[in-house]
Amino acid sequence: MSIQPGTQRITALLSRLPALTAPVVHLAGTNGKGSVSAILDAILTTAGLTTGRFNSPHLVSVEDAIRLSGQPIDRVLYETTRAEVEHVDKEAECGASLFELLTATALVVFARAGVDVVLVECGMGGRDDATNVFSPDQVLACALTSVELDHQAFLGETVEQIAQVKAEIVKPDGVLVIGLQKHENAVKQVVDRLAAERRATVVWADQSLIGSTSAAAPAGSQPVLTPLPKPLADGPPFAGADVSDALALLQAELVQLMEDTSPLLAAPSSSDDDAGPTPATLLPVIENIARLSTAVRSFARSPRPWLKTDLPLPGQHQRDNLSLALAVIHVLRSRPAALDRLPALRRLTDDVVARGVIATIWEGRCSWLSLDVGPSSDRRQCEVLADGAHNAASASLLATYLDTLPPRPTYPGRTFILSLSHSPPKSPADVLAPLLRTGDRVALVEFSTPIEGMPWIRPVPIDDLIEPVRALIGDEAPIWAGKLEDALAWAADQGRTDGSTAAAGESGENKREQGLVVVAGSLYLVADLYRFVRRGGGGGGGGGGGA
């Protein structure tokens, strides 16, 4: 059974199951939905609300897609609820698709748990997605993450067409919160027209900036300064937020950032193979300070609250996702209709929001993992960056993040472990072109199948990846092919100038100097990596070699 857009089947099915009455936040978009929902979930649970969250696809197991207050439900609850849903579907001859059965299972779980609020991510598209089944008075807000070309066979050939399908989750007289967009003009034209038709309010998130690092910040987090949206027309100004101290915050942050970065800016620029600053690392620093300076100068003309948080998810794209999440929170705590429906949203103070952001966990998205790889007789340490980048837009975001990482002069270069899903008209070259560069080392693998609940998903065969990869990395760079476990062992040894291997017990200094290893191309491959971790990072078997 393949993808079957449309809401008729699931509407018929849900009419025969326990009804979900909890209010809903509905998310659509090409990339970032999962990250935004994870941030929202962490904030809401920190405020003491119970939540249900539905994400797709799942990471390691299907129950990962259905969460209660941030935690995946247990397997027994999933299987018993799924069996009930399938029985009703069969008896009523609804003919629900596999994704519709999963969606219905999630909604029944949430209904029976009696959660305060539900966060639902569209599976694909929006208008005809199985999740688009909520009444207008049930939806607190809708959110639209970045819109890019993806799933054109179902959603349309242009960004405008895709944006139209995705934005149509907004309800009459509802609110649609828009995240930062690469194709802003195209998306804005669609959204403005749709909002006029449905008398909906549109709220645009603004770009977050990098803040100064405090001693109390959790290790690995990035300090972020986020401007909150302008007040809603029907709501109180800056509800839950404090605008009075915003200018002082921005001024103090600007002074601290200039002090922190002056030694870096004064240092001589170097090549990518040296330890000093490079143009790729200097430019974002300069641009961030310039934007913050502009915010200080323009504050008197347009005062607004800013919120400083420590975000545990790395990368500029996650700062953009945070901007959208905080804009949604602003709507929830300031829109009268939302507060009337769920008065507990008044708990969403700045302090609660900041503590919720710190608590965010979202695996497989620019996630760093430290693994022991290789056979038991020859264990090696391998530090891996795992990211589910699966289309050109998300690959470009990953590439931008990689450019911000400090150089590793002892073990230069980059090693990628890649697997892609077969999803025409998207081609391997489309996905990999933003990511790979001349000289990159590449290991090609195929992720495990079947994918539970999605039997139509399959990987691009390794033989079909070799030619586009070779065209991008050049004739001299190595291409390896085989199984994931063996690819990790091979990657752990790449980039070491003396050709030595990395023992599992070696010093922390040597671990940091290992060449960069990135697992990407498909969330299904990242899922295989997490299964490997959960098995204890066991040694790889035989199979695999140069290609």
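Two residues are in contact here when they have heavy atoms within 4.5 Å of each other. Keep that in mind as you click around, and remember that you're looking at a predicted model.

**Stop 1: the whole chain**

Start with everything shown as a cartoon. You'll be looking at 18 helices and 18 strands. The chain has 547 residues, and 56% of them count as buried. Now think about which parts of the chain touch: among contacts between residues at least 6 apart in sequence, 77% join residues at least 24 apart. The next stop has an example.

**Stop 2: S323**

Select S323, which you'll find in helix α10. Is it buried or exposed? Its relative accessible area is 3%, so S323 is buried. Show what's around it: leaving out neighbours within four places in sequence, S323 is in contact with L180, A205, D206, Q207, S208 and T226. Pick S208 from that list. S208 and S323 sit 115 residues apart in sequence, yet their C-alpha atoms are 6.0 Å apart in space.

**Stop 3: A22**

Next, jump to A22, in the loop between α1 (8-14) and β1 (24-28). A loop residue can be tucked away too: A22 has a relative accessible area of 8%, so it is buried. Which residues does A22 touch, not counting those up to four places away in sequence? They are V115, D116, V118, Q138 and R341. While you're here, draw a line from the C-alpha of A22 to that of V139: it spans 9.1 Å, although the two are 117 residues apart in sequence.

**Stop 4: the largest core**

Now for the inside. In soluble globular proteins, nonpolar side chains tend to be buried together. The largest nonpolar core in this model has 54 residues. Select L13, I66, F110 and L144, which have the most contacts inside that core. Then colour helix α4 (residues 98-113), which gives the most to this core, with 8 residues.

Zoom in on L144. Setting aside neighbours within four places in sequence, L144 has contacts that include A28, G29, L176, V177, I178, V187, V191 and L324.

Apart from this core lies another one, of 43 residues. Select I39, I43, L311 and L348 to see some of its members.

**Stop 5: T145**

Go one click along to T145, in the loop between β6 (139-144) and α5 (152-155). With 1% relative accessibility, T145 counts as buried. Beyond residues up to four places away in sequence, T145 touches A28, G29, T30, N31, G32, K33, V36, Q181 and L324. You've met some of these already: A28, G29, Q181 and L324 are also among the contacts of L144.

**Stop 6: helices α6 and α7**

Hide everything but α6 (residues 159-167) and α7 (residues 184-198). Their axes are 9 Å apart, and they pack at an angle of about 40°. That makes α6 oblique to α7. The crossing is right-handed. To see where they meet, show V159, E160, A163, Q164 and A167 of α6, then A186, V187, V190, V191, R193 and L194 of α7. Sorted by class, that's 8 nonpolar, 1 polar and 2 charged residues. Look at the spacing of the contact residues, too: an α-helix has 3.6 residues a turn, so residues three or four places apart point the same way.

**Stop 7: helices α2 and α12**

Bring up α2 (residues 33-46) and α12 (residues 350-358). What angle do they pack at? It's about 130°, with the axes 8 Å apart. The two are therefore oblique to each other, and α2 passes α12 in a right-handed crossing. From α2, select I39, A42, I43 and T46, and from α12, V352, V353, R355, G356 and V357. This contact divides into 6 nonpolar, 2 polar and 1 charged.

Stay on α12 for a moment. Its buried residues are D350, V352, V353, A354, G356 and V357. Their cover includes α2, β11 (306-311) and α10 (316-334). Helix α10 is where you found S323.

**Stop 8: helices α16 and α18**

Finish with α16 (residues 484-492) and α18 (residues 523-534), whose axes come within 10 Å and cross at roughly 85°. These helices are therefore roughly perpendicular to each other. Select L484, E485 and L488 of α16 with L525, D528, L529 and F532 of α18 to see the contact. The classes here are 5 nonpolar, no polar and 2 charged residues.

Notes:
Residues numbered from 1 in each chain as written. Predicted model: local features only at pLDDT ≥ 70, side-chain atom pairs only at ≥ 80, totals over all residues. Heavy atoms only, no water. Axes fitted to C-alpha atoms, helices over the stretch in contact; angles between N-to-C directions. Helix = DSSP H or I, 4+ residues; strand = E, 2+ residues; numbered from the N terminus. Parallel < 35°, antiparallel > 145°, perpendicular 65-115°, else oblique. Left-handed = near helix turned anticlockwise from the far one by under 90°. Nonpolar A, V, L, I, M, F, W, Y, C, P; charged D, E, K, R; others polar. Core = buried A, V, L, I, M, F, W, Y, C linked by side-chain atoms within 4.5 Å. Buried < 20%, exposed > 50% of the residue type's maximum accessible area, 1.4 Å probe, protein only.
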